[in-house]
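Student: Hi! Could you walk me through this structure?
Tutor: Happy to, let's pull it up.

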Amino acid sequence: MKRIRSDLSLVFIFAFFVLFSTGFSDLVISKLDRQIDLSSPVVRTTISLKIENNGANSVSEILLPFPEHQAKNFAFLSAKISEGKRKTKDSSDSIPVAIATPEGMPPAMTWYSVSLPKELVKGGSLTLEVKAVFTNILRPFPEKVTQADVQLVAFQESAHFLSPYRVKFQSLAIKLPEPKIESYTKLENTKFSGSELKYGPYENLPPFSYSTVVVHYAINKPFAVAQELVREIEISHWGNVQITEQYNLVHAGAELTGEFSRLDYQARPHVRGASALRNLVAKLPARAHSIYYRDEIGNISTSNVWSDSAKTLLEIEPRYPMFGGWKTAFTIGYGLPLRDFLFQSEGKRFLNITFGCPMSDVVIENLTVKVVLPEGSKEFTASVPFPVKQSQEIKFSHLDIIGRPVIVLEKTNAVPEHNQHFQVYYKFSNLSLLSEPSMLIFGFFLFFVACVVYTHADFTISKTSPSYLAKLQWDEVQTTIQQFLSIMNRCLILHDKLEASLRDLSRTGDVQACKAARKSADSLLKELPKELKPLLSFLQSSPQAVQITPKVEELITKERELQEKLMLKHSTVVEAFEKKSGARDIDSRVAAVQQKITLLRQEVDDLLEVIDEI
């Protein structure tokens with residue numbers, strides 16, 4: 001505040017020079033009414049000026065100066081000319097307002113020039129309605145509070161409107177959020193009634209009159225400020241406009257000091273968290289659909305939706321109540337019917353949609369609006385009713401080839417007054433709509449063609465190559481080995497049957513049955529060598545069977561020895577039974593043969609295992 005007062009002292013010094021300016025002395029403000037709304041964190045000032053031209057020349061512009069501390073927090077400024085008693089032109093007929101740099105003016109002020117639609121002639125008068133919106137102009141005082149404290153703020157203004165023109169009659173009315181006030185500057189003609197503080201009327205004030213007033217009052221509304229909002233609007237000519245809004249939100253009010261008690265907050269939320277941010281309400285178009293609300297953790301279920309024929313209201317609650325200095329980040333998204341927002345005019349298509357944030361309680365420090373046009377769009381331009389920074393970029397999505405053009409619009413210090421309709425114009429050929437379906441059809445066609453080719457084509461190596469021939473030879477060797485092992489297993493089964501016939505003989509004494517089993521086995525064993533002969537010949541002639549052939553030959557030799565010993569044992573036991581020898585005598589006669597049979601059977605089994613592994 002000391003810095004502001006020092007700046008204003010410069011205003012009074014330079015005022016002596018500007019009083020001699022004939023341009024300023026020509027105009028007189030016969031009546032000025034100011035209304036300042038302090039019921040929300042965003043300060044809105046409405047000024048009604050009745051201006052008279054007492055000079056000899058016509059005037060085409062009106063200058064409005066603002067102190068530096070107000071100018072740097074400007075969010076929105078508009079001006080309209082009144083048409084009769086209590087009637088103004090529609091907001092679409094707002095007259096141009098631009099920053100001006102008049103010569104010889106103090107540097108501690110920022111000047112705006114209001115261009116009149118027609119010159120104000122000598123002796124003429126008009127009524128100008130000016131609306132100014134400021135952010136970050138309310139200062140928490142104290143800057144830190146506990147959970148149980150009330151949030152107090154200080155507001156500084158002048159009881160006299162800062163103007164380069166003489167003012168005959170003026171008054172100021174300040175609207176407060178509730179009929180209580182901590183303190184305020186008391187001047188002549190000051191009155192506080194209900195929730196309104198009035199200064200004036202004041203008469204015949206010279207140019208650049210300034211009288212500082214400070215209002216200290218309680219406001220328990222949360223200071224919801226989006227440090228960054230990225231709003232992406234993606235147009236699909238298949239019938240949908242997809243909106244995605246990413247918020248980085250902070251409570252910019254008095255910071256919370258001390259501990260936070262969830263129990264106290266839930267017991268008395270309007271006392272132990274009066275200024276906490278509990279929820280936000282977004283006003284969406286009537287036919288919004290597919291609405292979601294989530295953050296980096298996932299979906300947030302604390303949200304409600306109400307809709308009627310005029311609007312859709314989305315109420316969202318953060319995961320925790322937000323006190324001063326606390327932050328959060330979240331994303332909301334929804335779809336809109338294309339036909340409600342996309343139109344055609346003069347050979348071009350244009351999107352007509354609102355610019356700003358759908359939440360009226362949120363101030364946006366940095367707003368980025370990205371309009372993603374369909375791939376193939378040309379000659380695209382944006383028309384915004386207020387100054388913004390424009391740029392372009394490319395976004396790639398599914399089935400894109402050259403990417404989708406994106407118009408990027410950036411605005412700082414955005415308030416609900418900026419939530420106006422803007423237009424994006426572009427050209428787009430209907431044939432481009434067929435590009436993505438064509439790509440899908442062509443892709444599926446190529447896939448099926450590839451499948452047909454794969455199933456019918458022969459991808460084997462050339463049948464004349466050495467590697468292919470070697471593979472065939474090895475396959476033949478493997479087949480032969482399998483046949484050989486099958487014959488060996490049949491031989492071993494016959495051996496087992498001979499052993500079983502001897503056990504039956506010892507149990508029943510039926511010599512004839514044992515001889516019959518021997519005769520059957522002999523006939524079968526004589527046939528097996530005939531089957532082995534061509535297999536062994538092939539293995540001996542094949543270069544792929546060099547390592548396995550010696551094992552095969554050894555196995556055949558061992559099996560023959562085993563077969564001979566079994567036949568010897570069988571003949572000895574049968575002969576002993578015919579002579580009616582005792583069991584002990586029979587066992588002693590075949591003991592040596594049985595030992596040899598056991599050893600040979602183990603060797604045969606080992607060779608079979610080795611060959612099977614190879």
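Tutor: We can talk about salt bridges, then strands, then one histidine.

Student: Before that, what kind of model is this, and how are residues numbered?
Tutor: This is a predicted model, where local features need pLDDT of at least 70, side-chain atom pairs count only at pLDDT 80 or more, and totals for chains, interfaces and linings use all residues. Residues are numbered from 1 along each chain as its sequence is written, and side-chain values use heavy atoms, with hydrogens and water left out.

Student: Okay, how many salt bridges does the structure hold?
Tutor: There are 25 of them. A salt bridge here is a side-chain nitrogen of Lys or Arg within 4 Å of a carboxyl oxygen of Asp or Glu.

Student: Which residue does Arg-287 pair with?
Tutor: Arg-287 bridges to Asp-340, with 2.9 Å between the closest N and O atoms. That pair links distant parts of the chain, 53 residues apart: Arg-287 lies in the loop between strand 19 (280-284) and strand 20 (289-294), and Asp-340 in the loop between strand 23 (327-337) and strand 24 (342-345). Strands (E, at least two residues) and helices (H or I, at least four) are DSSP runs, numbered from the N terminus.

Student: Is Arg-287 buried or exposed?
Tutor: In between: Arg-287 counts as partly exposed because its relative accessibility is 40%. Asp-340 is partly exposed too, at 30%. The cut-offs are under 20% relative accessible area for buried and over 50% for exposed, with partly exposed in between (1.4 Å probe, protein chains only).

Student: What about a salt bridge inside a helix, say the one Lys-530 forms: which residue is its partner?
Tutor: Lys-530 pairs with Glu-527, and their closest N and O atoms are 3.9 Å apart. The two are separated by about one helical turn because they sit three residues apart in helix 7 (residues 511-541). Lys-530 is exposed at 58%, while Glu-527 is partly exposed at 41%.

Student: And which residues do shared partners join into one network?
Tutor: Those are Glu-232, Glu-234, Lys-395 and Arg-404, joined by salt bridges that share partners.

Student: Switching to strands: how do strand 1 and strand 2 pair?
Tutor: Strand 1 (residues 27-37) and strand 2 (residues 43-53) pair in the antiparallel sense over 10 bridges. Pairing requires that DSSP finds at least two bridges between the strands. A hairpin of five residues connects strand 1 to strand 2, and Val-28 stands opposite Glu-52.

Student: Which way does strand 11 run next to strand 1, parallel or antiparallel?
Tutor: Parallel, with eight bridges joining strand 1 to strand 11 (residues 166-175). Asp-37 faces Lys-175 there.

Student: In what order do the strands of the four-stranded open sheet come?
Tutor: The order is 8-10-15-12, with antiparallel pairing. Strand 8 (139-140) and strand 12 (183-184) are at the edges, each with a single partner strand, so one side of each has no neighbour in the sheet. Two bridges join strand 12 to strand 15 (residues 212-218), and Ser-183 stands opposite His-216.

Student: Last one: where is His-495?
Tutor: His-495 is in helix 6 (residues 466-508), and it counts as buried because its relative accessibility is 0%.

Student: Which side chain does the His-495 side chain make a polar contact with?
Tutor: That of Glu-559, at 3.1 Å. A polar contact is a pair of N or O atoms within 3.5 Å; within protein, one must be able to donate a hydrogen and the other to accept it, and residues adjacent in sequence count only if both atoms are side-chain atoms.
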